[in-house]
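Let's work through a few short exercises on charged side chains. Have a look at the model first, then try each task before you read its solution.

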Amino acid sequence: MVSARKGEPVIKRFGPYKARFDGQITLDNTAFLLNDQYIQVEDPGTLHQLTHVGTTKVADLLVTRYYLNGITENGETILQVIGTEDRIDEVVLFRQVDTIHPQTEDEWDNIRNMQNEDIFEFNEVGYENVWGSNVAHDETVEASPTLKEETYTYPLETALFKRQISEDNEAELNEFAMVAIEDEERAVVYLGINLLPASVTII
């Protein structure tokens, strides 16, 4: 949180990027454009407004999720940052690509079994399991004041998969698939790629 002079409003900032709700986030989308023929996730565009911020701890990882409303509206966009207030360890830009609403206990079991498989397939493309099994955790989400939503916490069961896009002699580029059971109501599939921390600018 940023201090203010007496009588001035306090501007709240979130996570390693110190983003604020009244500002904008720009993304360097070069990695999407250069690798368009190799990745499944769509280019999210460059200019985004922050609508929600989620914070959670997955195993021992501190995770901040910036929920973005950008120039494209084809599914939710999440900028996920692993690290502390003073250090960024990993940045992945995820886009929602599928939503499933299981209706029976067997259908829920199938989702959880899929999360625990060694390989997750989406559009006949395989991704290797990163964590080995799904991880249960809670996420607390705060919304932009303009949305007039209360802060809330909801349960998740998340599995992470990835496949390497870059060659061994190139800067590492991976495409990730995240499969999350959200609030015990739906299962959501997100695809994303890792970005350099400097690819994100707060305005």
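**Warm-up**

We start with Arg186, which is partly exposed at a relative accessible area of 26%. Here buried means under 20% relative accessible area, exposed means over 50%, and partly exposed is in between (1.4 Å probe, protein chains only). Keep in mind that this is a predicted model, where local features need pLDDT of at least 70 and side-chain atom pairs count only at pLDDT 80 or more, while totals for chains, interfaces and linings use all residues. Residues are numbered from 1 along each chain as its sequence is written, and side-chain values use heavy atoms, with hydrogens and water left out.

**Exercise 1.** Find out which residue forms a salt bridge with Arg186, and whether that residue is buried or partly exposed.

*Solution.* Step one: a salt bridge needs a side-chain nitrogen of Lys or Arg within 4 Å of a carboxyl oxygen of Asp or Glu. Step two: Glu182 fits, as its closest N–O pair with Arg186 is 2.7 Å apart. Step three: Glu182 has a relative accessible area of 8%, so we call Glu182 buried.

**Exercise 2.** Describe the salt bridge between Arg95 and Glu42, and work out which parts of the chain this pair ties together.

*Solution.* Begin with the distance: the two side chains meet at 3.9 Å, N to O. Next, place them: Arg95 sits in strand 5 (residues 87-100), and Glu42 in the loop between helix 1 (30-34) and strand 2 (47-58), so the bridge ties together parts 53 residues apart in sequence. (Helices, H or I with at least four residues, and strands, E with at least two, are DSSP runs numbered from the N terminus.) Last, check the cover: Arg95 is buried at 2% relative accessibility, whereas Glu42 is partly exposed at 47%.

**Exercise 3.** Look at Arg87 and say which residue it pairs with in a salt bridge.

*Solution.* The partner is Asp89, with the closest N and O atoms 2.7 Å apart. Now for accessibility: Arg87 is partly exposed at 45%, and Asp89 is partly exposed at 47%. For the whole structure, the count of salt bridges is 9.

**Exercise 4.** Glu139 has a polar contact; find its partner.

*Solution.* First, locate Glu139 in strand 8 (residues 135-143). Then check its cover: a relative accessible area of 0% makes Glu139 buried. Finally, the side chain of Glu139 makes a polar contact with that of Tyr67 at 2.7 Å. Such a contact is a pair of N or O atoms within 3.5 Å; within protein, one must be able to donate a hydrogen and the other to accept it, and residues adjacent in sequence count only if both atoms are side-chain atoms.
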